[in-house]
Amino acid sequence: MVSTVVVRGLSKRYGSRTVLDRLDLSLGTGVTGLLGPNGAGKTTLLRCLATTLAPDAGAIRALGLDPAVRDQRTRLRASLGYLPQDPGFIPHFTAFDLVDYVAILKELKDRRARHREVRRVLAEVGLADRAGTKVRRLSGGMRQRLALAQALLGSPRILILDEPTVGLDPEQRMRFRSLISGLGEDRTVLLSTHQTEDVAALCERVVVMSDGRRVFDGTPAGLAASASGQVWLVGDRPGGGLFWRTAEGRFRVLGGEPVPGAVAVEPSVEDGYLLRLGKPAA
């Protein structure tokens, strides 16, 4: 794999709390899913990669550029698309005006070409017919698609997405998967999410973070397989481990030793993820 992004020894602290702990990571072309509980350091990592936050230690190289150097950081930002977890909106702007404003900030100076690009990304996220609608009148899912549109401006070579499917209904999420899978064919996409089904459906690679460190790095199938032999269906309520009652009335148990009558089932990406975090033991 040819790396477009290389992270070495990245560390970040907030007061006495270590959020990133000497993290190493390399990214190449394709879609990489980033999983982890709240507080794992995912958003901090994405903000560092998007050049909106400086790490306390370590180094980042993206497209051969060092974001710690001002002129290289400026050049890198021209090739970055970033969807933050909480995108800011100007409610009295129309959808077109908002994306056009971001395009101006990205220094797309030719007005005709810029407007052509704004219309392109709005169409790409299914908002062409809402271009003249005020942001305050858009639904939550539409606002999320609008935030994705601004990230796609200029066809960035690196796309950093923090919880991009929040607020999307199943049909919108399907469209999102189709869009992102196509983008991952020729660029680097890093997708942070809590939706393990999005990772299973969309990502060829998944990284699991916990306490600022990487605890798994492989394929979604490999993450699911790591839970093989540790997922069971039983008829009676278990006495321990992580379990929940299924719609059929049986109990799905994750981890621990099988009890008499337990039936082994095929593990999912979510099963492997929970086991990596040690949830059953907790």
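# Close-up views of a predicted protein model

**Figure 1. The whole protein, seen as one predicted model.** Let's start with burial: 49% of the 282 residues in the protein are buried, and "buried" means under 20% relative accessible area, "exposed" over 50%, and "partly exposed" in between, with a 1.4 Å probe and protein chains only. Since this is a predicted model, local features need pLDDT of at least 70 and side-chain atom pairs count only at pLDDT 80 or more, while totals for chains, interfaces and linings use all residues. Residues are numbered from 1 along each chain as its sequence is written, and side-chain values use heavy atoms, with hydrogens and water left out. The protein holds nine helices and 13 strands; these are DSSP runs (helices are H or I with at least four residues, strands are E with at least two), numbered from the N terminus. Along the principal axes, the C-alpha atoms fill a box of roughly 70 × 45 × 35 Å.

**Figure 2. How confident the predictor is.** The score here is pLDDT, the predictor's confidence in each residue, from 0 to 100. The protein has a mean pLDDT of 91, with 98% of its residues at 70 or more. Where is confidence lowest, and where is it highest? The low end is helix 6 (residues 170-183), with a mean of 85, and the high end is strand 4 (residues 57-62), at 97.

**Figure 3. Inside the largest nonpolar core.** A nonpolar core is a set of buried Ala, Val, Leu, Ile, Met, Phe, Trp, Tyr and Cys residues joined through side-chain atoms within 4.5 Å. This one has 51 residues, and Leu122, Leu146, Leu161 and Ile180 touch the most other members. Zoom in on Leu161: leaving aside neighbours within four places in sequence, Leu161 is in contact (heavy atoms within 4.5 Å) with residues including Leu46, Leu83, Phe176, Ile180 and Val189. Apart from this core lies another, of 26 residues, among them Leu10, Leu25, Leu34 and Val207. In soluble globular proteins, nonpolar side chains tend to be buried together.

**Figure 4. The open sheet of six strands.** Read across the sheet and you get the order 5-6-7-3-8-9, with mixed pairing; two strands pair if DSSP finds at least two bridges between them. Why is one side of strand 5 (80-83) and of strand 9 (213-218) left without a neighbour in the sheet? Both stand at the edges with a single partner strand each, so there is no neighbour on one side. From one strand to the next, the twist averages 15°. Strand 3 (residues 30-35) and strand 8 (residues 205-210) run parallel and share four bridges, and Leu34 sits opposite Val207 in strand 8.

**Figure 5. The open sheet of three strands, with a helix on it.** Here the order is 2-1-4 and the pairing is antiparallel. Strand 2 (17-28) and strand 4 are the edge strands, each pairing on one side only. Strand 1 (residues 3-14) is joined to strand 4 by five bridges, and Arg8 stands opposite Ala59 in strand 4. Helix 1 (residues 42-49) packs on the sheet, touching strand 1, strand 2 and strand 4, and its direction makes about 125° with that of strand 1. Axes are lines fitted to C-alpha atoms, for helices over the stretch in contact, and angles run from 0 to 180 degrees between N-to-C directions.

**Figure 6. A hairpin and its turn.** Strand 11 (residues 242-245) and strand 12 (residues 251-254) run antiparallel, joined by four bridges, and Phe243 faces Val253 in strand 12. Five residues lie between the two strands, and Gly249 in the turn has a positive phi of about 95°. Is Thr246, at 15% relative accessibility, buried or exposed? Thr246 counts as buried, and apart from neighbours within four places in sequence, Thr246 contacts Leu233 and Arg252.

**Figure 7. Two glutamates with a positive phi.** Glu107 is in the loop between helix 3 (95-105) and helix 4 (111-124), and its phi is near 65°. Glu163 is in the loop between strand 6 (158-162) and helix 6, with a positive phi of about 55° although it is not a glycine. Glu107 counts as exposed at 55% relative accessibility, whereas Glu163 counts as buried at 7%.
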